[in-house]
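Biologist: Could you take a close look at how the helices pack in this one? I'd like the contacts spelled out.

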Amino acid sequence: MTTNTNTRIQFDNFDALLSLKKKTALITGAADGIGAAIAERFAWAGANLILIDINESTLRERAQRLRKLYRIKVDTSFIDLVNPEAIMEFWKHCKVIPDILVNNAGIYPPRDFTDSDKGFIDRTMQINLGAVMDMCREMIARRKKEGGVIINMGSIEAKTPFKEDLSVYSVSKAGVLALTRSLAREYASQGFKINALVPGGIKTEGTSEMARGAFLKFRFNLFRDAARFSQRLPVGRVGQPDDIARMALVMAAPISDYMSGAEVTIDGGFLTA
């Protein structure tokens with residue numbers, strides 16, 4: 001077989017491959033940190049937004065800034081994801097069914113496993129896994145005829161536990177990864193692109209607050225863990241929220257339309273070290 005070397009592959013317009021224009025993206029945990037960075041990147045790519053968080057004042061400020069800067073439509077809902085009924089009420093009254101769902105919200109409270117009572121376990125599992133299942137179920141049920149994009153947020157702790165006192169968190173995130181693979185297998189044929197992001201150590205408002213709390217409580221083991229973590233980063237720096245947001249954009253945009261059930265790790269090389 002011969003190949004005509006004068007024939008050029010017909011590529012799509014590059015901007016179109018990364019465009020989210022005429023799309024609506026729903027992002028949970030969008031008031032700050034990784035969720036806020038994803039909202040910013042999606043707005044930059046032209047998407048309208050539905051932002052969910054429990055932090056009402058910060059989310060309002062975030063939404064107002066994005067509307068003004070990018071001239072897009074931004075709706076907000078203030079939901080405590082520990083409450084399944086609140087999630088159902090949100091979807092029941094949702095005026096625009098999103099094209100893209102990013103399940104970013106999560107908590108990572110450190111606690112010795114032997115001190116993890118039922119209330120602690122139930123809350124962590126509901127916010128990190130139960131709410132993700134609820135959001136995915138409602139999204140898929142409402143878009144079965146059109147398909148859509150779902151991005152779930154995992155963690156390297158689900159793959160290689162590193163930090164002490166995060167066993168419940170690690171289990172919840174392992175569940176998110178298993179859910180992502182299962183849903184991708186079941187619904188790819190119906191037009192759903194479902195994948196997971198697996199962040200490493202990212203410097204956010206939440207992690208900074210945890211560090212301040214550890215200092216005030218003389219929990220210096222957290223600083224020891226941070227130092228050990230930094231030493232295992234081949235790229236030589238801790239991640240920033242936009243490091244995750246840029247890959248979220250790729251996973252949401254048409255450029256990744258053949259990706260299904262993938263777990264994309266963004267950790268500065270931590271798992272390789």
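Modeller: Here is a walk through the packing around helix 2, followed by another helix pair.

This is a predicted model, where local features need pLDDT of at least 70 and side-chain atom pairs count only at pLDDT 80 or more, while totals for chains, interfaces and linings use all residues. Residues are numbered from 1 along each chain as its sequence is written, and side-chain values use heavy atoms, with hydrogens and water left out.

Two packed helices are described by the angle between their axes and the distance between the axes. Helices here are DSSP runs (H or I, at least four residues), numbered from the N terminus. Axes are lines fitted to C-alpha atoms over the stretch in contact, and angles run from 0 to 180 degrees between N-to-C directions.

Start with helix 2 (residues 33-44) against helix 9 (residues 241-252): their axes sit 8 Å apart, at an angle of about 50°. Helix 2 and helix 9 are therefore oblique to each other (angles under 35 degrees count as roughly parallel, over 145 as roughly antiparallel, 65 to 115 as roughly perpendicular and the rest as oblique). The crossing is right-handed, meaning that the near helix is turned clockwise from the far one by less than a right angle. On the helix 2 side, the contact (heavy atoms within 4.5 Å) includes Gly33, Ile34, Ala37, Ile38 and Arg41; helix 9 brings, among others, Pro241, Asp242, Ile244, Ala245 and Arg246. The residues of this contact split into eleven nonpolar, one polar and three charged (Ala, Val, Leu, Ile, Met, Phe, Trp, Tyr, Cys and Pro count as nonpolar, Asp, Glu, Lys and Arg as charged, and the others, Gly among them, as polar).

Helix 2 also packs on helix 3 (residues 56-70), with axes that come within 10 Å and cross at roughly 20°. That makes helix 2 roughly parallel to helix 3, and this crossing is right-handed. Ala36, Ala39, Glu40, Ala43 and Trp44 of helix 2 meet Arg62, Arg65, Leu66, Leu69 and Tyr70 of helix 3. By class, there are seven nonpolar, no polar and three charged residues in the contact of helix 2 with helix 3. Trp44 of helix 2 takes part here, and Trp44 is also in the contact with helix 9.

Now for the other pair. The axes of helix 5 (residues 118-142) and helix 6 (residues 167-187) come within 9 Å, crossing at roughly 15°. That makes helix 5 roughly parallel to helix 6, in a right-handed crossing. Among the helix 5 residues that meet helix 6 are Phe120, Ile121 and Met125, while helix 6 contributes residues including Val168, Tyr169 and Leu179. The contact of helix 5 with helix 6 has 15 nonpolar, four polar and no charged residues.

Terms used:
Helices (H or I, at least four residues) and strands (E, at least two) are DSSP runs, numbered from the N terminus.
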